[in-house]
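Hello,

Here is the structure I said I would pass on. My notes on it follow below.

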Amino acid sequence: MPRTATYFLSDLHLGARYLPDRRAHERRVVEFLRSIRDTAEAVYLVGDVLDYWYEYRTVVPRGYVRFFGALAELADAGVRITWLIGNHDIWLFDYLRDEIGIEVVDGSITRRIGGRNFFISHGDGLGRLKPSFRFIRSIFRNHVCQKLYSAIHPRWTIPFAYSWSSGSRGYLPGHSSEWSGKMKADVRAWAEQYAAEHPDTDYIVLGHHHVVVNEPVGDRCRLIILGDWISHDSYASFDGDTLQMRHFASKK
Ligand SMILES: [Mn+2]
């Protein structure tokens with residue numbers, strides 16, 4: 001089978017302390033990655049793939065072994081992997097780039113894939129941000145703050161980070177978000193404006209909101225929100241012409 005498909009997924013939140021069975025969750029993701037091995041030309045991980053990660057110059061956190069292994073198998077088989085960082089996996093620096101051979105991107109990218117133009121972003125930094133979220137976002141990305149943080153022993157920072165991460169969002173099991181209200185209005189307003197300013201865009205692909213969305217925006221563009229791997233096990237597949245949202249069904 002020729003490798004012609006591009007896959008997009010986001011918000012796996014691997015390692016999240018609120019997952020009922022973290023190992024089973026990781027195995028499901030690995031099963032998915034293996035299932036696309038023969039068809040994938042490229043994979044886009046659109047942020048919040050890990051619930052928390054902080055790599056030091058010489059040391060990395062425990063965990064994610066099977067997941068990293070599955071990514072490495074894909075990369076070694078020639079699949080191009082691009083990981084756009086989210087607001088949970090901000091501190092991915094050069095380890096996975098060098099160790100696995102993936103591209104790590106901070107921010108948004110535009111790509112021409114097949115015959116279509118894509119805008120891809122985790123989405124947490126788009127549109128109007130709450131001042132408190134904007135402030136935290138700038139602290140987290142500040143190099144001096146990162147240096148200071150990395151000087152604290154991880155025996156204190158890692159447990160703190162996991163509990164903060166669980167408490168900071170309402171995405172606990174059974175509390176999936178809905179595509180409605182202010183969130184929908186804000187994201188759509190931003191997307192309408194982007195599509196108007198970039199009329200050659202075919203797909204805006206976002207994560208972050210934990211909802212599955214595939215709907216028109218502007219004259220020719222579609223807004224895609226990738227869902228998550230907490231309630232939806234969702235991903236998008238693109239065959240060079242059309243993009244489809246799907247839900248992974250584990251065979252195990
Ligand atoms: Mn997010």
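**Metal site and sheet**

The manganese ion is coordinated at 2.0 to 2.3 Å by four residues: Asp-48 (OD), Asn-87 (OD1), His-122 (NE2) and His-208 (ND1). Please keep in mind that this is a predicted model. Along the chain, the donors of the manganese ion follow the spacing D-x38-N-x34-H-x85-H. Asn-87 sits in the loop between strand 3 (80-84) and helix 3 (95-99), while His-122 sits in the loop between strand 6 and helix 4 (131-140), so this pair ties together parts that are 35 residues apart in sequence.

Are these two residues, Asn-87 and His-122, buried or exposed? Asn-87 has a relative accessibility of 13% and counts as buried, because the cut-off is under 20%. His-122 is buried as well, with a relative accessible area of 1%.

Now the sheet. The sheet is open and is formed by five strands in the order 5-6-7-9-8, with mixed pairing. Strand 5 (109-113) and strand 8 (212-217) are the edge strands, each pairing on one side only. On average, neighbouring strands of this sheet are turned by 20 degrees against each other, direction ignored.

Within the sheet, strand 7 (residues 203-206) pairs with strand 9 (residues 221-226) in the parallel sense, over four bridges. Leu-206 has Ile-225 in strand 9 as its bridge partner. Helix 7 (residues 181-197) packs on the sheet and touches strand 5, strand 6 (116-121), strand 7, strand 8 and strand 9. The direction of helix 7 makes about 45 degrees with that of strand 8.

Regards

Definitions and conventions
Residues numbered from 1 in each chain as written. Predicted model: local features only at pLDDT ≥ 70, side-chain atom pairs only at ≥ 80, totals over all residues. Heavy atoms only, no water. Pairing = 2+ DSSP bridges. Helix = DSSP H or I, 4+ residues; strand = E, 2+ residues; numbered from the N terminus. Axes fitted to C-alpha atoms, helices over the stretch in contact; angles between N-to-C directions. Contact = heavy atoms within 4.5 Å. Donors = N, O, S within 2.8 Å, 3.2 Å for Na, K, Ca; no water. Buried < 20%, exposed > 50% of the residue type's maximum accessible area, 1.4 Å probe, protein only.
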